[in-house]
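Here is a walk through one part of a fold. Follow along in the viewer.

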Amino acid sequence: MATMTPPLAVDIDGTLTDGEGAVDPRVMTPLREWPEPVVVATGKALPYPVALCSFVGIPTRVVAENGGAAYLVDDDQLTFVGDREAAQRVVTRYREQGYEPGWGEVDLTNRWRETELAVSLDQPLEPLKELAAAEGMHVFDTGYAYHVTSRGVDKGAGLEAVCRRLDRSVDEFAMVGDSENDAAAFELVGDAYAVANADETAKLAADHTTEASYADGFLEALDAIRSA
Ligand SMILES: O=C(O)COP(=O)(O)O
Ligand SMILES: [Mg+2]
């Protein structure tokens, strides 16, 4: 019996990209032609997934900032959860200890971030973790940045909130991702795929790990999801 294609949640960095961080052009058409809602769920600030949806040509349905921000075209609501000021206190203390967010003066990585802050991987993790814990926050290491995020904020909670607004159940979703910031959502969706380059936390939380890495792994996961 033919089964229905499920709605899809997809991570950006490490999943839709190649090993250099560039979006692989081969992901565009399958995303555009996916017959069910596609939710782009990312640690990046809101403008990135919004732009991606626009350039792919799909309705804007996004979870950004690791669940801190969500926009759905269906209800035209932009919601925020998380404490940006607490993240700012963490980064201020981190600077006082002699470290930097590490993105330069203009800092486009954090410029549009409203609920958390990100620190470059070339900065030390341990003092950041200690300062975050003192503010009741946690740090996601995505393999692309360290994110200082409020407890209880993650892509899982974000996707659940979006599902309520879409009138869909989170366990209907399939999801593809690559790192520890995907793990909470992997636990909730019906069918979770870690690409081969994923970290151990993501692989443990996923139902499957693809043979291929990066966008090749994403395309492999889509084939498997379609035929599941
Ligand atoms: O911004 C990051 O650090 C990771 O982004 P991602 O969740 O799309 O992989
Ligand atoms: Mg990722």
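**A helix and its sheet**

Just after helix 6, aspartate 167 takes a positive phi of about 60°. Helices (H or I, at least four residues) and strands (E, at least two) are DSSP runs, numbered from the N terminus. The model is predicted: local features need pLDDT of at least 70, side-chain atom pairs count only at pLDDT 80 or more, and totals for chains, interfaces and linings use all residues. Residues are numbered from 1 along each chain as its sequence is written, while chains are lettered from A and ligands numbered from 1 in the order in which they are written.

Now helix 6 itself. It spans residues 155-166, 12 in number, and reaches 16 Å from first C-alpha to last. That is close to the expected 16 Å (1.5 Å times one less than the number of residues). Its buried residues are Lys155, Gly156, Gly158, Leu159, Val162 and Cys163 (buried: 20 or more other C-beta atoms within 10 Å of the residue's own, C-beta atoms being placed from the backbone). They lie on the same side of helix 6 because they cover an arc of only 160° around the axis, taken from the directions from the helix axis to the C-beta atoms. Their packing partners include strand 3 (61-64), strand 4 (69-72) and helix 7 (183-188) (contact: C-beta atoms, placed from the backbone, within 7 Å).

Strand 4 is covered on both faces. Ala69 and Tyr71 are buried on one side, Ala70 and Leu72 on the other. Strand 4 runs antiparallel to strand 3, joined by 4 bridges (pairing needs at least two DSSP bridges). Here arginine 61 stands opposite leucine 72. Strand 4 also pairs with strand 5 (residues 77-80), again antiparallel over 4 bridges. Tyrosine 71 has leucine 78 as its bridge partner there.

How values were computed. Buried ≥ 20, exposed ≤ 12 C-beta atoms within 10 Å, placed from the backbone. Contact = placed C-beta atoms within 7 Å.
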